[in-house]
Amino acid sequence: MPDKPVTLTEFIIEEERHFKQATGSFTLLLTQIENAAKIIASHVKKSGLVDILGSAGKTNTSGEQVQKLDVFANELLVSTLLESGQVYAIMSEELDEPVFSKKNRGHYVVCFDPLDGSSNIDSNVSIGTIFSIYHKNPDLFQPGIKQVAAGYILYGSSVMFVYSCGRGVNGFTLDPSIGSFLLSHPKIKIPEKGDTYSINEAYFHLFDQKLQQYITDLKEKKEYKLRYIGSMVADIHRTLLTGGIFLNPANKKSPEGKLRLLFEVNPLSFIVNQAGGSATTGYLDPLIIKPTQLIHRTPIAIGSRQEVKNYILSLQRSL
Ligand code: AHG
Ligand code: MN
Ligand code: MN
C-alpha cells in the first residue's frame, strides 16, 4: 500500500503534541486559517471571471455586491478568527485599528496581510496571504522574535500553505480534487547560497551609493539571475526553495522602505530563519524591532545566509 499523504490538519494536530502547555486552542486557530485560505483560494481562482460575473463595486449575476478581493479576504479572515474564539486581537494591513474579541476571549494576537501582491491580481500573477501569531499581550506591538508561528498561503500555479511554529518549515499543496492541503515540502531548508537576486531595479536611481555599488557588483560577478514578481510572498517562496536574496531597501522616495514589519517582514523573516536563512534591515535583525505603529515600515533583505551576509558586508564597506 502506498504511504497515505499527510494532511495539513493531521500535521497541525501532531505538531501541537510537542508543546507541553498545548490545549488544542492553537490547533483550532490554525485550522480556521486553513479554512479561510481555501475559501480565498477559490475566489482567487474565479477572479478572472469578474468581467462576465460582475466587477468589484458592481453587482454580480446573483444580485450581490462584488467585493475587491483584498477587502473580501480581509473580512473573511477577521470574521473567521473572531468566531474561532481563540483570538484576543487582530491586526491587519487593511484595518486602521486593531480589532478585539468581545469579552476579552482568546489567547492569541494574529497579524495578517490578507492579500499580498494585490496589484498582480488582474494580470493573473501569483499573490498570497501572510499571517503571524503571537501570544496575547497587553502591548500589541511585540517584536517579531515573540512570534509563536507564522506562515503564508500562496495562490500560484498551485495553492500552497507554508508555515512554521518554531520547529522548522513545512509546505503543503492543495489537492483540488479532495479539497485538502497535503504535505508536499517537508522540512524546507533554504540553500546556503543562491544565484538569484530579487529587487525592483527600476528604483536604482533612488538608491544610495552603497546599494548601487552592491547591485553593480552582483552583475559584475556574472553569476546571478534577476527575478522580481512584485508579490513579496511569491518572491520569498521562490527564494526559500531555490536560494538567493530578496531586497526591498530604503530609497529616496521611501526612506523607511515600503514593506510592513507586522504584516510582511516579521512573518516572512521568521519563516526564512526557521528554514536556515536570515534577514536584515541592512544593519539589524528585523525580528528585534519593536513596532511603534500599525504600519511600521522597514527596509529589508531576506534570503540565503551567505547572500544576506554578503549584503551586510557590502553596506559596511567604505566607498
Ligand atoms: P500589498 O499588495 O499587500 O500592498 O503588497 C505589495 C508589496 C509587496 O508584495 C511587493 O514586494 C512590493 O509591494 C512591490 O512594490 P514595488 O511595486 O514598489 O516594487
Ligand atoms: Mn503586502
Ligand atoms: Mn496587502
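Mentor: Let's start with a term: a polar contact is a pair of N or O atoms within 3.5 Å. Keep in mind, too, that this model is predicted.

Trainee: Okay, what makes the pairing of aspartate 116 with ligand 1 a polar contact?

Mentor: An N or O atom in the side chain of aspartate 116 is 2.7 Å from an oxygen atom of ligand 1. The limit is 3.5 Å, so the pair of aspartate 116 and ligand 1 counts.

Trainee: How do you know that asparagine 200 and arginine 260 belong on that list as well?

Mentor: Try the test on each. Asparagine 200 has a polar side-chain atom 2.7 Å from an oxygen of ligand 1. For arginine 260, the distance from a side-chain N or O to a ligand 1 oxygen is 3.3 Å. Both values are within 3.5 Å, so both are polar contacts. As for cover, ligand 1 taken alone exposes 480 Å², and the protein buries 84% of that.

Trainee: Which residues sit closest to ligand 1, and how many surround it?

Mentor: There are 17 around it, and the closest are Asp116, Asn200, Tyr203, Tyr228 and Met232. By type, the shell has six nonpolar, five polar and six charged residues. Strand β3 (residues 108-116) gives the largest share of the shell, three residues. Domain 1 (8-185) and domain 2 (196-316) each supply at least three.

Trainee: On to the metals. What makes Asp113, Asp116 and Glu264 donors of the manganese ion (ligand 2)?

Mentor: Their oxygens lie 1.9 to 2.2 Å from the ion. A donor has to be an N, O or S atom within 2.8 Å of this metal, so these qualify. Along the chain, the spacing reads D-x2-D-x147-E. Aspartate 116, in strand β3, and glutamate 264, in helix α7 (residues 261-274), are 148 residues apart, so this pair links distant parts of the chain.

Trainee: And what coordinates the manganese ion (ligand 3)?

Mentor: Glu93 (OE), Asp113 (OD) and Leu115 (O), at 2.3 to 2.4 Å. Those distances also fall within 2.8 Å, so the three are donors. Notice that Leu115 is listed with its O atom. Here the spacing is E-x19-D-x1-L.

Trainee: Why is aspartate 113 called a bridge?

Mentor: Because aspartate 113 is a donor to both the manganese ion (ligand 2) and the manganese ion (ligand 3), by the same distance cut-off. The two ions are 3.7 Å apart.

Trainee: Why is aspartate 113 called buried?

Mentor: Its relative accessible area is 0%. Buried means under 20%, so aspartate 113 is buried. Leucine 115 at 1% gets that label too, as does glutamate 264 at 1%. Aspartate 116 comes out at 5% and also counts as buried.

Trainee: How do you know that proline 267 is buried?

Mentor: Proline 267 has a relative accessible area of 1%, under the 20% limit, so the label fits. You'll find proline 267 in helix α7. From C-alpha to C-alpha, proline 267 is 24 Å from arginine 105, with their positions 162 residues apart in sequence.

Trainee: One more: what joins threonine 196 and aspartate 195?

Mentor: A polar contact of 3.4 Å between their side chains. Neighbours in sequence count only if both atoms are side-chain atoms, and here they are, so the contact stands. Threonine 196 is in strand β9 (residues 196-198), and at 5% relative accessible area threonine 196 is buried.

Terms used. Residues are numbered from 1 along each chain as its sequence is written. Chains are lettered from A and ligands numbered from 1 in the order in which they are written. This is a predicted model: local features need pLDDT of at least 70, side-chain atom pairs count only at pLDDT 80 or more; totals for chains, interfaces and linings use all residues. Side-chain values use heavy atoms; hydrogens and water are left out. A residue is near a molecule or strand if one of its heavy atoms lies within 4 Å of it. A polar contact is a pair of N or O atoms within 3.5 Å; within protein, one must be able to donate a hydrogen and the other to accept it, and residues adjacent in sequence count only if both atoms are side-chain atoms. Accessible areas come from the Shrake-Rupley method with a 1.4 Å probe; for residues, only the protein chains shown count as cover. Helices (H or I, at least four residues) and strands (E, at least two) are DSSP runs, numbered from the N terminus. Ala, Val, Leu, Ile, Met, Phe, Trp, Tyr, Cys and Pro count as nonpolar, Asp, Glu, Lys and Arg as charged, and the others, Gly among them, as polar. Domain bounds come from an automatic or database domain assignment. Donors are N, O and S atoms within 2.8 Å of the metal (3.2 Å for Na, K and Ca); water is not among the atoms, so sites may look incomplete. Buried means under 20% relative accessible area, exposed over 50%, partly exposed in between (1.4 Å probe, protein chains only).
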